[in-house]
Amino acid sequence: VAAAATLTRYAPRPALIIGTLAVQQVWRRELEALGFVNAPTDFCALESRDIANDSFWRKAKWYFVHYEVVKAWWSLIYTERPCVVIIDEAHYVRNGKTQRASGAALAVAGSHRRILLTGTPLENRASDLYNLVTIACGPKTWGYPSEFRKRYCGAEHNGYTLVDTGPTNVHELQTRLQSVYLRRTTLDAGLDLPEFTRTTQMCSLGKFKAEYDAVVQDLKLFELGELEALIRAIAEGLAEKVLPELTRLRQLTSRAKVPATRDYVVNALEQEESIVVFTWERETATQIFNGLGSFTKFIKRSGL
């Protein structure tokens, strides 16, 4: 924030921040704390698509526009050419085919200083970088999407479309990224975090076992065993034939895990730990929530 704000200190044109609505007030507070926003008129948020009255553009030092409306504002932003554009939560625009990504790319084209920020890890795929580095460096600086994928993603044509086969020319990509891409690790940030670990929590099917066994038998491949039957059915292109059975098995196992999951969550909350539970079925989430006892009031207040 300080580095970006310094660029605007003596600039005759305003600065622009593009991000999600959730970070709007965060940016306002940070800029106020650093002394770069001293009056209410120094910071202006563009929250709607109505650009009928654009005369206020030159009155503020900092402008904030969220992703869902940047497409409507891009032509005015481009004309005014902000001295610096900051794209926060930049992983939201890694897919260049979305409205928010195309709007952001058009808006930043008028500025020579661009900073893209994200604290969300990207998947380890070179294709996720293309739109981000193109926005940072300018149109066609990294070629067309197909050229980028062929050179760095091993993309090959299968007769219908391009399919990425894996990273290629990795050393070249890393060399080219050195001047535009700063990737910080937890060690770089000075965070002493424990190593990531996985543990398996065993539970039984309980009252769902009989129905589970019946569904497996309906696959007509049960003589191979449960897991082998499913793998073989999918490998032989029979996924559509067994899809109802797979869906039902997923429902049964999800519901069978509710008691064990609920106990695990309660234990974590009692230890005053933070916990996030991912579940596929809404009913499962409801059952887990309803079984948390006195903790449900806290979770409701937190909006979880």
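**Parallel strands, nonpolar cores and a pocket in a predicted model**

Strand β3, spanning residues 62-66, is mostly covered, with five of its five residues buried. Here buried denotes a relative accessible area under 20%, exposed over 50% and partly exposed the range in between, computed with a 1.4 Å probe on protein chains only. Helices (H or I, at least four residues) and strands (E, at least two) are DSSP runs, numbered from the N terminus. The model is predicted, so that local features require pLDDT of at least 70 and side-chain atom pairs pLDDT 80 or more, whereas totals for chains, interfaces and linings use all residues. Residues are numbered from 1 along each chain as its sequence is written, and side-chain values use heavy atoms, with hydrogens and water left out.

The side chains of β3 alternate in direction: W62, F64 and H66 point one way, Y63 and V65 the other way, and all are buried. Strand β1 (residues 15-19) is likewise mostly covered, five of its five residues being buried. On one side of β1 lie A15, I17 and G19, on the other L16 and I18, and both faces are covered.

Strands are taken as paired if DSSP finds at least two bridges between them. By this criterion β1 and β3 pair in the parallel sense over five bridges, and V65 of β3 is the bridge partner of I18. Strand β2 (residues 43-46) also pairs with β3 in the parallel sense, over four bridges, with L46 opposite V65. V65 thus faces I18 as well as L46. β1 further runs parallel to β4, to which three bridges join it; in this pairing I18 stands opposite I87.

Contacts (heavy atoms within 4.5 Å) were listed for I18 without counting residues up to four places away in sequence. The residues touched are V65, Y67, V70, V85, I86, I87, D88, A104, A107 and V108.

In soluble globular proteins, nonpolar side chains tend to be buried together. A nonpolar core is defined as a set of buried Ala, Val, Leu, Ile, Met, Phe, Trp, Tyr and Cys residues joined through side-chain atoms within 4.5 Å. The largest such core has 23 residues, and those with the most contacts inside it are L16, I18, V65, W73, I87 and V93. Two or more residues are given to this core by each of β1, β2, β3, α3 (70-80), β4 (85-87), α4 (99-108) and α5 (130-137). A second, separate core has 13 residues, among them A15, W62, C83 and I86.

For the protein overall, 13 helices and seven strands are assigned. Of the 304 residues, 33% count as buried. Among contacts with a separation of 6 or more, 59% are between residues 24 or more positions apart.

Pockets were identified on a 1 Å grid over the protein atoms alone, a pocket being an open set of points where a 1.4 Å probe fits, with protein on both sides within 12 Å along at least five of seven lines; lining residues have an atom within 4 Å of a point. Grid points are joined across faces, edges and corners, and a volume is the space filled by probe spheres set on the points. The second largest pocket holds about 960 Å³. It is lined by 26 residues, of which Q201, T261, V276, V277 and F278 are the closest to its centre. Helices α10 (239-256), α11 (258-270) and α12 (282-290) are the elements that contribute two or more residues to the lining. The largest share, five residues, comes from α11. By class, the lining comprises 13 nonpolar, nine polar and four charged residues, where Ala, Val, Leu, Ile, Met, Phe, Trp, Tyr, Cys and Pro count as nonpolar, Asp, Glu, Lys and Arg as charged, and the others, Gly among them, as polar.

Some loop residues were examined individually. R81, in the loop between α3 and β4, has a positive phi near 50° although it is not glycine; it is partly exposed, with a relative accessible area of 36%. E89, in the loop between β4 and α4, also has a positive phi, of about 50°, and is not a glycine; its relative accessibility of 21% makes it partly exposed. A155 lies in the loop between α6 (145-152) and β6 (156-157) and is buried, at a relative accessible area of 9%. Its C-alpha atom is separated by 5.7 Å from that of T165, ten residues apart along the chain. Not counting residues up to four places away in sequence, A155 touches R149, K150, L162, V163, D164 and T165.
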